[in-house]
Amino acid sequence: MTTTVRSVRARPVLAPLDPPLQTASGEVPTAPLVLIDVESSDGVVGHAYLFCYTPMVLPALASLVSELGAAVVGSSDAPRAVEAELRGRLRLLRPQGLATMAISGIDMALWDVLARRAGLPLVRLLGGSPRPVRAYGSLRRMAPDDVRVEAGELARLGFGAYKVKVGSAGLARDREVIAALREAVGPEAELAVDFNQTLPVPEAIRRIRALADEGLMWVEEPTRADDAAGHARIRAAVSTPIQLGESWWGEDEMTASLRADAGDHAMFDVARIGGVTGWLRSAPVAHAAGRPVSSHFWPEISAALLAVTPSAFLLEYLDVAAGVLRSPARVVDGAVVLPDEPGSGVDWDEDAVDRYRA
């Protein structure tokens with residue numbers, strides 16, 4: 001029986017973030033999320049969510065999901081077919097930004113439909129098995145005292161690796177933040193830092209060279225994400241590995257970055273790389289280029305995808321949607337445990353959704 005898309009619903013919410021998410025560019029006090037429900041003609045409903053950093057674009061993103069969803073009502077609910085149709089409709093706009101996010105969100109929900117219809121966890125549908133996926137604790141706070149407290153809480157989950165955001169001030173402050181994290185998690189833990197695109201290329205080189213004695217696992221996005229040539233200059237001038245990828249809008253941008261030798265690691269954001277469909281296209285390319293693949297946000301669906309990614313490295317544990325999920329991602333001994341239940345693991349706590357509707 002051929003099944004089609006019956007409806008696509010998008011609901012904007014402002015979910016709690018405790019503690020808030022801080023970056024060198026500012027603070028995110030609540031999680032602006034678009035919750036997506038796709039119903040198929042056989043009554044199966046799949047879920048996904050999108051995180052958009054600021055409430056200013058929340059209405060636009062929700063509207064875009066609804067409009068694109070309406071365009072595929074009555075079409076096949078096969079994720080690859082829907083993705084191709086929506087990208088075709090937006091080809092003249094070169095869909096990036098919110099358009100890619102909206103397509104990715106619909107794609108994730110459609111894969112959830114497929115898995116639920118098959119009675120399989122998403123990871124099994126993709127050919128893998130529900131196994132623990134090694135993760136790192138990604139800190140939300142940046143002040144040294146806050147870092148000590150938050151890192152201590154994360155350490156109780158058994159992580160062996162951690163990432164902290166730096167770049168809000170000078171080198172001395174970066175060292176202070178790293179020292180606070182090291183003090184909280186001990187000498188054996190692996191540490192990474194994220195500059196969130198804040199440094200000019202010459203300053204990035206100077207700063208990363210100065211931090212070489214910290215033995216960092218990677219330095220993430222030291223300069224503008226769209227500056228592949230600049231990242232290549234940084235990579236050639238420093239000894240610490242460079243992590244890129246959370247800002248890649250699809251496999252084309254990933255491929256351009258890999259060709260420029262801009263980074264040592266690849267970090268996929270499932271809502272930017274093109275949903276499950278885009279991730280599955282991109283993972284073999286990163287593997288062929290010898291890049292370890294880690295994830296950005298979305299721990300539920302990213303865990304399933306990393307479990308079938310040939311060069312999988314680490315999952316980022318930073319759960320922005322826990323406030324509206326019935327069963328948030330679960331960590332045991334530093335790894336995210338995949339549920340052995342049908343679907344992607346995304347289900348709504350409807351009472352919380354009603355409470356946080358935007």
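Visitor: By class, how many nonpolar, polar and charged residues has the lining of the second largest cavity?
Guide: This is a predicted model. In it, the second largest cavity is lined by His47, Ala48, Tyr49, Met108, Trp298, Ile301 and Val346. Sorted by class, that lining has six nonpolar, one polar and no charged residues.

Visitor: Which strand gives the most to the lining of the second largest cavity?
Guide: His47, Ala48 and Tyr49 are among the lining residues. Strand β3 spans residues 45–51 and gives three residues to the lining. The strand that gives the most is β3.

Visitor: How much space lies in the second largest cavity?
Guide: A search of the whole structure finds two cavities of 30 Å³ or more. The largest has a volume of about 40 Å³. The space in the second largest is about 30 Å³.

Visitor: What is the make-up, by class, of the lining of the largest cavity?
Guide: Pro121, Leu122, Val123, Ala304, Leu338 and Pro339 are among the residues that line the largest cavity. Gly343, Ser344 and Gly345 also line it. Glycine counts as polar here. By class, the lining has six nonpolar, three polar and no charged residues.

Visitor: Are α3 and α11 roughly parallel or roughly perpendicular to each other?
Guide: Helix α3 covers residues 97–118, and helix α11 covers residues 275–288. Their axes lie 6 Å apart, at an angle of about 90°. Angles of 65 to 115 degrees count as roughly perpendicular. The two helices, α3 and α11, are therefore roughly perpendicular.

Visitor: Which residues of α11 make the contact with α3?
Guide: From α3 come Ser104, Asp107, Met108 and Trp111. The residues of this contact divide into four nonpolar, three polar and one charged. On the α11 side, the contact is made by Gly275, Val276, Thr277 and Leu280.

Visitor: What is the order of the strands in the open sheet of three strands?
Guide: Strands β1 (residues 5–23) and β2 (residues 26–40) pair in the antiparallel sense over 14 bridges. Seven bridges join β2 to β3, and these two strands also run antiparallel. The order is β1-β2-β3.

Visitor: Which are the edge strands?
Guide: The sheet is open and its pairing is antiparallel. Each edge strand pairs on one side only. The edge strands are β1 and β3.

Visitor: Which residue in β3 stands opposite Asp37?
Guide: Strands β2 and β3 form a hairpin with four residues between them. Seven bridges join the two strands. Opposite Asp37, in β3, stands His47.

Visitor: Which residue in β2 stands opposite Thr23?
Guide: A hairpin joins β1 to β2 through two residues. Farther along the pairing, Leu14 stands opposite Pro32 in β2. The residue opposite Thr23 is Gly26.

Visitor: Which two residues does the cis peptide bond join?
Guide: Most peptide bonds are trans. Here omega is about 0° at a cis bond. Its proline, Pro19, has its place in strand β1. The cis peptide bond joins Asp18 and Pro19.

Visitor: Where does Asn196 lie, and what is its phi?
Guide: Most residues other than glycine have a negative phi. Asn196 has a positive value. This residue lies in the loop between β6 (190–194) and α7 (201–210). Its phi is near 50°.

Conventions. Residues are numbered from 1 along each chain as its sequence is written. This is a predicted model: local features need pLDDT of at least 70, side-chain atom pairs count only at pLDDT 80 or more; totals for chains, interfaces and linings use all residues. Side-chain values use heavy atoms; hydrogens and water are left out. Axes are lines fitted to C-alpha atoms, for helices over the stretch in contact, and angles run from 0 to 180 degrees between N-to-C directions. Angles under 35 degrees count as roughly parallel, over 145 as roughly antiparallel, 65 to 115 as roughly perpendicular and the rest as oblique. Contact means heavy atoms within 4.5 Å. On a 1 Å grid over the protein atoms alone, a cavity is a set of points where a 1.4 Å probe fits but cannot get out, and a pocket is an open set with protein on both sides within 12 Å along at least five of seven lines; lining residues have an atom within 4 Å of a point. Grid points are joined across faces, edges and corners, and a volume is the space filled by probe spheres set on the points. Two strands pair if DSSP finds at least two bridges between them.
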